[in-house]
Structures are given as C-alpha cells and as structure tokens.
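Here is a short tour for anyone about to open this structure in a viewer. Keep the model on screen as you read, and follow along topic by topic.

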Amino acid sequence: MKYSDKFKLLYPERFKGIYSSRGDNDLISIRIRQGKERDPSTWWYYQLETLGEISKRFGNGKVHFTTRGDVELYGIHLSDKEKVLKLLESVELDPRDSCGASVRNVLPCPSYLCPYAKIDATKAALDIAIFFRHNPEYEYPKLPKRIKISISACEKGCSAPVIMDVGIVARGEHIFDVYIGGGIGDHDFEGVKLFEGVTLTEAKKISIAVANILKRENEKRGFKWVVQKYGIQKIKELINEEMRKIEIEEVKAIPPKALNAKIMVVRTRGGWLDWEDVIKVAVISKKNFGFVSLFNTQTIFIPVKEIPKDAEIIDYPYLEREVEACIGDDFCPPAIISTTRIAEDVLKIIGDKKIKIHISGCSHSCGRHQIADIGFVGVIRNGRKRLRIYVSGNNYKLGKVVGEIDLEHYYIVVEKLKEVNVNDITKIKEVLEQIPNFTQVNENE
C-alpha cells in the first residue's frame, strides 16, 4: 500500500486516534486515551496488561508512552484495526480525540502524588474534558486544528502552561491564572498569562471560548496564530466577549486527596518499553494500589506500599533528571532522525546529573525540545542531518536557540553542557564553538 493512498484513507480518522505509519505498507499507529469520563492520568494494571498483549500479538512488540499522558501502539496492520479497537474498548481505553483536529487530553499533573498541590488537578481536568470529549462540535471537521489544555496544581507549572493553547495554573484552592496562545511546532510561540485570579468555572469558560474562536476563525494552523493575528489585548477582549455567551454549571475546585505512598519510577527508553516490561509494570501495580500514573515526562510513576528491592524511588513526581523523545524515524513520516537511539545514549551520559534533555525528530516538536535545559531537534542542512540546539527552557519559558551541530556530535554536546549552568548563554556558546562544524543560526531561520 502506497503511503500516499494510506494517508488519504486514514486522514479523516485522525481525530479517532488512527494514523499512518511511515512508508509504503499497510501499517497504522493508534494513539490511546482513557475512556470518556475517566481520570486521564490513572492507568490500571489490567489496561497495561491489555496494551502489552496487543503490542505482542498485533504490533511491533513495544509500547510508547507520550508527553501528553497518552499511549501509542505501532506496527499494527490495517486489517487488524477493528480487533485492536475492540480489545481497547473492553478495558475502557479509547483512541478518540487523541490525535488530529480535536481537543486533546486535558492534561493534569498527578496532584494526588505531590505535596505542593493546591487542588485536585485530575478532577479539574475531568470537569473540562467531559465538555469536549466525543463532542462533534469540537472535532474534525468543525474544529480546524487541535487544542491543547493543561492544568497544574501549583505554581511549579509542571503541566507546561507555556506551550499550551490554554494553560491553567492553580495559585490557591479557588484561584487560577490562565496562559493563552502557547504552541510549539514549525513556529514556537510562548504562552502569555492573560487572566489572573479567575475561578475554575471561568477557566473552563476560557477554554470553551478559545475553542469557539478558533472555529469561527477557521485557523488551520492553530489558536496561537489567532493570537498573533489580533494581539494580546484584542484576543483578551474576544475571549471575554465569547465567555459572556457561555452558560455552564459551576465547577468547584477541591483539595487534593493525597495518596500515602512511595513513588517508584520506571524510566522508558525515549518513551518506549518492550511489551514484557509493560506486563512487569502491571504486575507491580496490581500488587500495590492497582494503577500507575502517566504524565508528560514519558516516565511511569507507580505508587507502592513497600519499596521493591533496587527500585528507583522519588518523593513526588517531579524529575530533576529527565530525557524525553518523540518516536523518531522508526514510524513517523516527517521525522528526520532516530530519536530513540539518541535518548538511550543521553540517559547513560548524564548519569545522576540533574538535567532535562528533550529530543524531537523534526520541527513538529513532539519531543518538546523547547522546554528543556538542553533541547535537540533534527534539521536538514545542505542534504546533511543536523541538530539544532535549544537551551534554558522551562515550564514558563521557551528555550533559546544557540546553534546547530552535526548529528553524530550530540554526545559531545551533552558531555560538555551537563557541567555548565544552562542559563549562562555566553558560556554555552563558548563551549559549543569548540565542537567541530558547530554553527550559530538565526533564531527565525
């Protein structure tokens, strides 16, 4: 099957979580969320068992954990699609609204595992997600582009409001700030704190208003471009005007329900785990609280009653050492580089160093390279594969572009920069200039 024919066949179903794998073949990929009205961040052991079995029987033998708390299965033959969907449905997993022009997973931080949480972020996320989920008014073809919403239970902003269309941050049990217009991809835009001290009901109205304005504008590049078109002041006026038309029931924020547990960490390899490892995770979770928490770090958090021998344990799900990656050129059509291999190498290089490194296979930015201490993204220059380098990004600030290197020199960059203050741009450039074929680039190129 030609890729072009496969793409034409599957493109209308992208909002259902079904999309084309790379190459001329009959392989598809399925991106999966929790079912409607289910906690988006809590995945139960029997669901993990099913994912592992599907990957073993129908897929490539691996499971990919994404940067939006979703799970993806790859290497599935198109003829097996309905069988796989029925298996997912049997354990209340649902691909719909996980891809394409839809309101994506309303991503909460795992507030029940964090001592800093001021609200129950998962409950707040559900209150908003239920409005959009399976709602044809907010799916393709009526919605021209995806919308991403996140909720952070405190000012740490672990749900990365800076890159969201709507980033909601709790400042207290009933007080929220809302960031608007963030986005990554071919063009990076830093979200702006447009609303301060609003209620959760108002934050939900803001989310709906953003979706309504995007529909009205029919902006196929996304809401960040609507913000660029009108400017900050005008877009705030448009959102306020739209909010006055929206009538919804009051949404009440509630305090977090803390879980008395240690948190065992399972680090993936650039997002990937073999199906056998997924089953092992399911076994551990079944013996403890029965579930794991998935967030945006491609790390699996397992609440445990007792510490397993030699397990990696953290106090709460904030990782100071982190390596993220998109799926790369194994299955993704636009990907330029093999991100998985680089992620595996980088994790070994940094050791116990407290540093965050994110890797994207192309400018689509699925590896979120803009919000890491060090971010790599694959580019092509004069027919050669190169890596563009971003530094000093975080949950509230996009990283700064400092230059490009040859693909094979990524390990030198990590070795040298892991000892440098990532906010010292002058020092970073001095270090990078010692690397063969390093070139500075214009940030707008």
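Ile307 is exposed in this predicted model, because its relative accessible area is 52%, and the cut-off for exposed is over 50%. This isoleucine sits in the loop between β15 (299-304) and β16 (313-314). Leaving aside neighbours within four places in sequence, Ile307 is in contact with Lys262 and Ile313. Its C-alpha atom is separated by 30 Å from that of Arg341, 34 residues apart along the chain.

**A buried loop residue**
- Thr67 is also found in a loop, the one between β4 (62-65) and β5 (71-77).
- Thr67 counts as buried because its relative accessibility is 11%, and buried means under 20%.
- Beyond its neighbours within four places in sequence, Thr67 is in contact with Leu107, Phe295, Asn296, Gln298, Glu324, Cys366 and Arg368.
- With Cys366 there is also a polar contact to look for: the side chain of Thr67 reaches the backbone oxygen of Cys366 at 3.5 Å.

**Nonpolar cores**
- In soluble globular proteins, nonpolar side chains tend to be buried together.
- The largest nonpolar core here has 56 residues, and those with the most contacts inside it are Ile149, Ile151, Ile168, Val178, Ile180, Phe223 and Ile239.
- Helix α5 (residues 200-217) supplies the largest share of this core, with nine residues.
- To explore it from one residue, try Ile168: outside the four nearest places in sequence, its contacts include Ile128, Ile149, Ile151, Phe176, Val178 and Ala203.
- Another core, of 33 residues, lies apart from the largest one and has Ala325, Ile412, Val420 and Ile428 among its members.

**Helix α10**
- Ile412, a member of that 33-residue core, belongs to helix α10 (residues 410-417), where Tyr410, Ile412, Val413, Val414 and Leu417 are buried.
- What covers these buried residues includes the helices α9 (339-350) and α11 (425-432), together with the strands β18 (356-360), β19 (374-381), β20 (384-391) and β21 (400-406).

**Cavities**
- The model has three cavities of 30 Å³ or more.
- The largest cavity has a volume of about 110 Å³; of the 15 residues that line it, Cys109, Pro110, Cys114, Cys154 and Cys158 are the closest to its centre.
- By class, that lining has eleven nonpolar, three polar and one charged residues.
- The second largest cavity holds about 80 Å³, and of its 13 lining residues the closest to the centre are Arg33, Arg38, Leu126, Ala129 and Arg133.
- Two elements, β2 (27-34) and α4 (121-132), give two or more residues to this second lining, and α4 gives the most, with three.
- The class counts for the second largest cavity are five nonpolar, three polar and five charged residues.

**Backbone details**
- Which peptide bond is cis, with omega near 5 degrees? The bond from Tyr140 to Pro141 is the one to check, and Pro141 lies in the loop between α4 and β8 (149-152).
- Glu37, in the loop between β2 and β3 (42-44), has a positive phi of about 65 degrees although it is not a glycine.
- Glu37 is exposed, with a relative accessible area of 53%.
- Glu92 has a positive phi too, of about 60 degrees, and is located in the loop between α3 (81-90) and β6 (93-94).
- Glu92 is partly exposed, with a relative accessible area of 41%.

How values were computed:
Residues numbered from 1 in each chain as written. Predicted model: local features only at pLDDT ≥ 70, side-chain atom pairs only at ≥ 80, totals over all residues. Heavy atoms only, no water. Buried < 20%, exposed > 50% of the residue type's maximum accessible area, 1.4 Å probe, protein only. Helix = DSSP H or I, 4+ residues; strand = E, 2+ residues; numbered from the N terminus. Contact = heavy atoms within 4.5 Å. Polar contact = N/O pair within 3.5 Å; in protein donor to acceptor, adjacent residues only side chain to side chain. 1 Å grid on protein atoms, 1.4 Å probe; cavity = no way out; pocket = protein on both sides within 12 Å on 5 of 7 lines; lining within 4 Å. Points joined across faces, edges and corners; volume = space filled by probe spheres on them. Nonpolar A, V, L, I, M, F, W, Y, C, P; charged D, E, K, R; others polar. Core = buried A, V, L, I, M, F, W, Y, C linked by side-chain atoms within 4.5 Å.
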